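Visitor: Hi, I've got a structure open and no clue how to read it. Can you walk me through it?

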Amino acid sequence: MTAAVTYEAIKTCKQSGARLGRVHTPHGTIETPTFMPVGTQATVKTMSPEELKEMDARIILSNTYHLFLRPGHELIREAGGLHKFMNWDRAILTDSGGFQVFSLSDMRKITEEGVHFRSHLSGDKLFISPEIAMEIQNALGSDIMMAFDECAPFPAEHDYVKKSLERTSRWAERCLESHTRPADQSLFAIIQGGMYEDLRRQSAADLTSLDFPGYAIGGLSVGEPKHLMYDVLDYTVPLMPANKPRYLMGVGSPDALIEGSIRGIDMFDCVLPTRIARNGTTMTSQGRLVVRNAQYANDFGPLDPECDCYTCRNYSRAYLRHLIKADETFGLRLTTYHNLYFLQNLMKNVRQAIMDDRLLDFRDEFFEQYGLFNN
Ligand SMILES: Nc1nc2cc3nc(NCCc4ccc(CCO)cc4)[nH]c3cc2c(=O)[nH]1
């Protein structure tokens, strides 16, 4: 199948399973490992496309579920697609809605056909199936579409996870069958299987037999302890094709980005940096810094002395604290800009460390100098 998105392996780190690569898309090339800022409702909250380009973000994530509910995918199709609608001419990946249905709406019922649920906005009864999820993503025109899946909760019984992954595999086939635009949109499958090695193997085998242009690992970052997530990666990543992108969904703390890269993950996304920024929590070279705390009231130094971003070059901790306390939107913009820039810069350093075959050393330096990030 002609895939619009292809993966180019550049180098494997001699110290670990990490790899340097490029993901080529119709809207530009992404150096990997990479972190994707999340723009759930057709905007990376408080950021302009120009600011995202300034920090060299090459791909952002948006959500089928949210845009289906509001403003509706037909309106976005009419606008010329999501790139045009939000004035973003680089790459877009859209999540398929499965996870969001489970994390946002109540009254939901899973059937073989699809998921019945109530809109978390209006309470209307709605339904999404694999075919509908593909129809929505086609209308959005995303470069990378995700197959419609079920993200099993944590913890979950082996039998439940087994039945769920088998349905997710059948849904993935239905997504492939209804995929009408392989020429300019690529469809990634999502490996499930919870925390069970035998089920991860079953899910990976089901999906890699269907030859998708890329594969994600789902069902993680759902409340499990980090060491459990790393265990699942240890035995799941080797089951994924080496010549295709590997995307770990919902992961975005600095420590997890490094540990995931070491295990061979190429793409990450998470709302963490943008979500915590809005309550005045920042990721800095000294670790997490809650700039709204009173201790920074008279601190006229930069947020992060080792960061060269717009926020750190032009504003003080005292000013940021004042803005956040005064509920001034500009404060949210400045903390968001810094957190996203921090992660883009971290991934640039990860890529350089892989190039220099020293990612494990980089990890040790990072954890020692920056403090152990606990998500
Ligand atoms: N289609 C699909 N999408 C997913 C998205 C996910 N996102 C996560 N985790 C995000 C967890 C997460 C949520 C919020 C915050 C902000 C601070 O509280 C941080 C992390 N896990 C995920 C799993 C799946 C999955 O299997 N399938």
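Guide: Sure, one term to start: a polar contact is a pair of N or O atoms within 3.5 Å; within protein, one must be able to donate a hydrogen and the other to accept it, and residues adjacent in sequence count only if both atoms are side-chain atoms. Also, this is a predicted model, where local features need pLDDT of at least 70, side-chain atom pairs count only at pLDDT 80 or more, and totals for chains, interfaces and linings use all residues. Residues are numbered from 1 along each chain as its sequence is written, and side-chain values use heavy atoms, with hydrogens and water left out.

Visitor: Okay, so how far is D95's polar side-chain atom from a nitrogen atom of the ligand?

Guide: That distance is 2.7 Å.

Visitor: And which ligand atom does Q192 reach?

Guide: An oxygen atom: a polar side-chain atom of Q192 sits 3.0 Å from it. L220 uses its backbone instead, with an N or O atom 2.8 Å from a nitrogen atom of the ligand.

Visitor: How much of the ligand does the protein bury?

Guide: 78% of the 590 Å² that the ligand exposes when taken alone. Those areas come from the Shrake-Rupley method with a 1.4 Å probe; for residues, only the protein chains shown count as cover.

Visitor: How many residues surround it?

Guide: There are 17 around the ligand, and D95, D149, G219, L220 and S221 are the closest. To count as near, a residue needs a heavy atom within 4 Å.

Visitor: What kinds of residues are in that shell?

Guide: The shell has 8 nonpolar, 6 polar and 3 charged residues. Nonpolar covers Ala, Val, Leu, Ile, Met, Phe, Trp, Tyr, Cys and Pro, charged covers Asp, Glu, Lys and Arg, and the others, Gly among them, are polar.

Visitor: New topic! Where are the cis peptide bonds you'd point out?

Guide: One runs from T32 to P33, with omega near 5 degrees. Another joins F154 and P155, where omega is about -5 degrees. P33 is in the loop between β3 (28-32) and β4 (34-36). Helices (H or I, at least four residues) and strands (E, at least two) are DSSP runs, numbered from the N terminus.

Visitor: Why mention cis at all?

Guide: Because most peptide bonds are trans.

Visitor: What's the phi of D211?

Guide: Near 55 degrees, which is positive, and D211 isn't a glycine. D211 lies in the loop between α8 (197-208) and β12 (214-217).

Visitor: Is D211 buried, exposed or in between?

Guide: D211 is partly exposed, with a relative accessible area of 44%. Buried means under 20%, exposed over 50%, and partly exposed is in between (1.4 Å probe, protein chains only).
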